[in-house]
Amino acid sequence: MRGLVALLGPTKVLGAHDDLLLYEYDGAVDTATPDAVVLPESTADVAALARFCHEHAVPIVPRGAGTGLSGGAIPVEGGVVVSFARMARILEIDVSSLRAVVQPGVINLHLSTAVAPHGLYFVPDPSSQKACTLGGNVAENSGGPHTLAYGVTTNHVTGIEIVLSDGTVVRLGGKAVEDEGYDLVGSSVGSEGTLGLVTEITVKLTPLPEDKRTLMAAFPTMDEASETVSAIIAAGVVPSAIEMMDQLATQAVEASVHAGYPLDAGGILLVEVDGARDGLEDARARIEEICRAHAASEVRVATSALERERLWAGRKGAFAAMGRLSPDYYVQDGVIPRTRLPDILRLVKDAGTRHGLQVANVFHAGDGNLHPLILFDSRRGPDELERAKAAGLEILTACVEAGGSITGEHGVGMEKNCFMPLQFQSSDLAAMRRLKDAFDPPGLMNPGKIFPTPSRCREFAFASTAR
Amino acid sequence: MSGPVPMPYPNADAPTQEMIAACVHCGFCLPTCPTYAILGVEMDSPRGRIRLMKTVWEHRLGADSPGLEDHISKCLDCRACETACPSGVEYGKLVEGTRSQIVAARSRSPIERVVRVAAFDWLLPHRQLLGGFAAFSIAAKRLGLGTLLRATRLGLARRMADLLDLLPDRASSAPLAAAPAIGERRGRVAMLQGCVMGSVFGETNAATARVLSRNGVEVIATVGQTCCGALHAHAGERERARELARRNIAAFERSAADAVIVNAAGCGAAMKEYGWLLKDDPAWSARASAFAAKVRDATEYLGDLGMSEKPGALRGRVAWDDPCHLLHGQKIKEQPRALLAAIPGLDVVPLAEADWCCGSAGTYNVTEPDLARSILERKVANIVRSGAETVVTANPGCLMQIQSGLRQAGANVRVVHLLDLLDEAYRSPR
Amino acid sequence: MPGIRLRVDRPVTATVVRSIPADAAECARVLADATADRRTVRITGSGTKSYIGDISATDIELATERIAGVIDHVPADLTVTVGGGARIADVAATLARAGQFLPLDPPHADEATVGGVIAANSNGFWRARYGGVRDLLIGTRTALADGTVARAGGLVVKNVAGYDLDKLLVGSFGTLGVIVEATLKVLPLPEKTDGLIARFASPGDAFAAADTVVRAAARVEACVVQRLAEGAWQLAVQARGGGPTVERALRDARREITARHGDATALGDDLGRMRELPARAIDGALVRVSLPLAASVAFAENAVRIDSFAALVVDAASGIARVHLVNDDDDAVIRDAEALVLSARMVGGAGRIERRAEHLRSRLPTWPTRPNGDFLMRRIKDAFDPAGILEPGRSAFA
């Protein structure tokens, strides 16, 4: 602690007990208190910190806005939390190359707002985009509703500057679409801070669509809504987003956002198509027709930007609105091939019922990325979280058995690292470990994440169910 | 569950565990918080402060810990986080409750106690005293005391100089405003005079009454009213706030008004929460709730009622700046904008971060001068960038703070209360 | 090598053993044995990209031709899983029967295999519209040098469980393992395809028009600028999608072309010819660079002024440019090729000598410059293939 202050100065280091208590959580349920918090203001600060930690064998855990949903920013093995809150500048907007260069603490939505006057935006739009940082997006390879047509974070990052655990600063990639040699940028995106500390990011900017059509369709049950999703895709229409919400979620959202969702619907779809104005009406009509053919009781098309924003505000605020239903929730992020939606949704419900917990569903139906929100109340005792986690595990097991994944966009973190063997065999994990060792030989970068750890994962012994 | 544990907070005004539990620590509030934007640390974010409140309940932090006091007092109580919060966390109530606990838990120096008594017991509730104090201060300012104070290079003196800067060049106190309805009577209202409004911006009270009267609203005078107690509640002086609230409730109950009109957003927000303030007082809680339900901001009341008479034309480029306690505290966004748009001839330009605090925040200037200045500079920069010649707002604290910031930046921009501007428009030829 | 069927077949040199494993497990065993015996391995699909990199003789040539076929295709999931040795053309035929297509148009598309396309990061002009290999690839199974088969990614389009080793394989040229299975995103076949080609007097006009087309509301599938040794600057634009969208895209493109004094005619097989430049460039040297978009026009203007200049094809949407250099003077070809790669590097891009005449191989290395982080690449290579048996010398970085 004293060494850190001597190295970086007192304004960049927090060590008081009261302060450290506030870096023990993120947007999810796991907690652990750091030994110190560092607030770097430059790459040089980060490199100096890394060298210091390397010398003293201290773990380093990066943190953006702390909105993560897998405990990625939690210092589970102690050490220093590095908050990028003060490295939050947009360094360059290169309109002619369709790129922006940013520091990791820049808030996702702030970038899109900054480039909007040039008719551009940054595509990945996680629901937390008003708060989450681009550094966090790179670490988690974040998605969002509009990644169905346009891809996730990794598809929109062409360069990074990364500080390795020994303090070496490496600039990988750049503004060009690719570099020679192994794709180290692509390998680093989604590595959850376990390979190094990303201190600068070059991202793609995309021309804003000329127009959009946003539809809200209400269905009697989730089954009909699910079948509609597959039918839309099968018809050759690829919307920019297809989101689904069940009745419980709809009710929570309506209480907070008043998005105008019908409260009596069993399932709701939010479908958006965007692009050139020509052809959007055809697509809209096609989608509407498919919804009606699948028993939609109501199909509403947003007629103004305000109305569209309202429909989306409901979806984007849905997780946080759960606070109105229950003091705690445990959210899962499993992915399934979208054709399996109806079966898995039934299974999700059963899992909740078996453990005596309510489950709300708000998710990216277009890419089969589920978000069951398992509601519990920790004040009723520690057993509540345990039951929620047990239900979550059943859901994830089903996702993997259906050919899917334990996480689509939230990351593995410390929340699902014990579940990795569900999806991957030991040889698969060994291959990943090779990449880790090449970047971070001493294993100081965000330890206890992604890979199962013997201390915390003893009770989990899975045979991989993956094909 | 284990047996009863000792209550970690001093009394029942503590932030309740129930209300704290509504926070799912999603972090959506962080980018809306002015102190987080400047300091960049979790402790000075809404989520962090709520966590501090929670750790006290968990007995991991004392209600008298210096860290708790430091970070809770750095909060502007602007409540922008409430607007951003999808879980509906009532942050304003939480932070004011916590402040009351800090006041109760911490022993204070004799000087601080004297200052608190002077400010909260004597000055604010007594309009004549406050008016006199204001007149004295303004005189001092015009005599160049600010320059003198600054020259001493003493921290305290400089702080006082900054405070003097906040004051307008002229104070206008006016007698209780009353006015008949002109034309068909569409409503009958009582009006809060306010402490600062009454003693420094008295002319605005008169203008408010005139505008209402033009629109068929009778304004009746209400004797016995006093300071709303908002500043007391913000500072954790809940007992004192309750006392003032009781006096106001009793005074306004006697008038046969449809609504109680307030033209200071901070006061309106506090008075709408009288029900909450007095919830544990069986003799008063029902009366307080009934009273609170009648409180309307002047812009809210007139905006909802609709203007019966079109105002005259004004010229110039104007921008609207949301007072936090109007937008975030009372969720009033559209009505003032509609009223401004109804004045012919004005070029209303957008103001970036109009929903962002100006740093006034009650007594924040006094308690956190450096942060207040940084926040103000951001506001001033946005105003200058907007190209507006006039900034319109609706709260005395904001008026003073923005005016002082613009003056220090050498920007020639006028700052005016929306009701004053409307009054001006009504006097101008159509 | 007990238990392994090794078929000696068409030996390139007397010592080369050709191994044609039947499946992933057998492939992994070949590699395990090779590691144990320190025997080097070259991996071949259809052999279309043997000109890339610096190939030294190996003890074993491992052919993926039997690890082929479509393993799984669920049309409603918009994904297809195929063997690494499957030919792109065969996959396309299967998909077409279900009304879908693989949105990838690499050179040598008639013969190239999926594994080879991934290993060589072989993209075409559709990249800006649908993404490149790295964007379409969602899952792999790879036989590693230690005899294990590692799976990365999966069958679903969104998946962040563990590291994205798929990305590591894209452009790895077989140096990390043999791709035995790949899952890719596919799309419904659009109802209409149409295009145009225009001629311009100046590169400024051609690139300005291209830039506008790339940013247009109706996104096009390909937007390519070409210049041959003789002749004008050409801009080829192709749009695919619903009828109204395609018409709008071409209408806007035509308007822009007219404004820039270009003349537009219907598109023939021009894009196909441009795409196959690597196949034709058997003489001289073919330089391939990736550029920041803003640098494309300056690079192109510079390239056509070079003595050895023969042809230029620039994917204006992604910033990938190829320059074919031909000169009787070998030294001039070498000098010009290296200078072009360096110039790309200087403007923030990257490049390589993708192909050179056989007799220049020893004198003109594929990578005249090194990318940043090459020390990490070497560590990765060592971690995956400690004995160094896979594609020795193929890549300068491994």
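Biologist: What makes it right to say that both faces of strand β5(C) are covered?

Modeller: In this predicted model, C:T79, C:T81 and C:G83 lie on one side of β5(C) and C:V80 and C:V82 on the other, and all are buried. In a regular strand, side chains alternate between the two faces of the sheet. The term buried requires a relative accessible area under 20%. Five of the five residues of β5 (residues 79-83) of chain C are buried, and the strand is accordingly described as mostly covered.

Biologist: How do you know that β4(C) and β5(C) pair, and in which sense?

Modeller: Pairing requires at least two bridges. Strand β4 (residues 70-74) of chain C and β5(C) have four bridges, in the antiparallel sense, so the criterion is met. One bridge partner of C:H73 can be named: C:V80 in β5(C). The hairpin of these strands has four residues between them, and there C:L78 takes a positive phi near 55 degrees.

Biologist: Which bridges support the pairing of β5(C) with β9(C)?

Modeller: Five bridges join β5(C) to strand β9 (residues 178-185) of chain C, again with antiparallel pairing. Here C:T81 stands opposite C:T183 in β9(C).

Biologist: Why are α7(C) and α11(C) called roughly antiparallel?

Modeller: Helix α7 (residues 203-214) and helix α11 (residues 296-304) of chain C pack at an angle of about 150 degrees, with their axes 10 Å apart. Angles over 145 degrees count as roughly antiparallel, and the two helices therefore receive that description. The crossing of α7(C) past α11(C) is right-handed.

Biologist: Which residues make the contact, and how many are nonpolar, polar or charged?

Modeller: From α7(C) come C:P203, C:G204 and C:F207, and from α11(C) come C:S296, C:V297, C:A300 and C:E301. By class, this contact has four nonpolar, two polar and one charged residues. Glycine counts as polar under this scheme.

Biologist: What makes β5(A) and β9(A) edge strands?

Modeller: They belong to an open sheet of five strands in the order β5-β6-β10-β8-β9 (chain A), with antiparallel pairing. Strands β5 (90-94) and β9 (169-173) of chain A each pair on one side only, and they are the edge strands. Neighbouring strands of the sheet are turned by 10 degrees against each other on average, direction ignored. Within the sheet, β6 (residues 99-102) and β10 (residues 197-204) of chain A run antiparallel and are joined by four bridges; A:R99 has A:K204 as its bridge partner in β10(A). Helix α3 (residues 43-56) of chain A packs on this sheet and touches β8 (157-163), β9 and β10 of chain A, its direction making about 50 degrees with that of β8(A).

Biologist: Why is B:R79 counted as buried or exposed?

Modeller: The relative accessibility of B:R79 is 5%, and the limit for buried is under 20%; B:R79 therefore counts as buried. This residue sits in the loop between α4 (66-74) and α5 (80-84) of chain B and has a positive phi of about 65 degrees although it is not a glycine. Most residues other than glycine have a negative phi.

Biologist: What term applies to B:K331, and on what value?

Modeller: With a relative accessible area of 48%, B:K331 is partly exposed, since exposed requires over 50%. B:K331 is in the loop between α19 (324-327) and α20 (334-341) of chain B, with a positive phi near 55 degrees.

Methods: Residues numbered from 1 in each chain as written. Chains lettered and ligands numbered in written order. Predicted model: local features only at pLDDT ≥ 70, side-chain atom pairs only at ≥ 80, totals over all residues. Heavy atoms only, no water. Buried < 20%, exposed > 50% of the residue type's maximum accessible area, 1.4 Å probe, protein only. Axes fitted to C-alpha atoms, helices over the stretch in contact; angles between N-to-C directions. Parallel < 35°, antiparallel > 145°, perpendicular 65-115°, else oblique. Left-handed = near helix turned anticlockwise from the far one by under 90°. Contact = heavy atoms within 4.5 Å.
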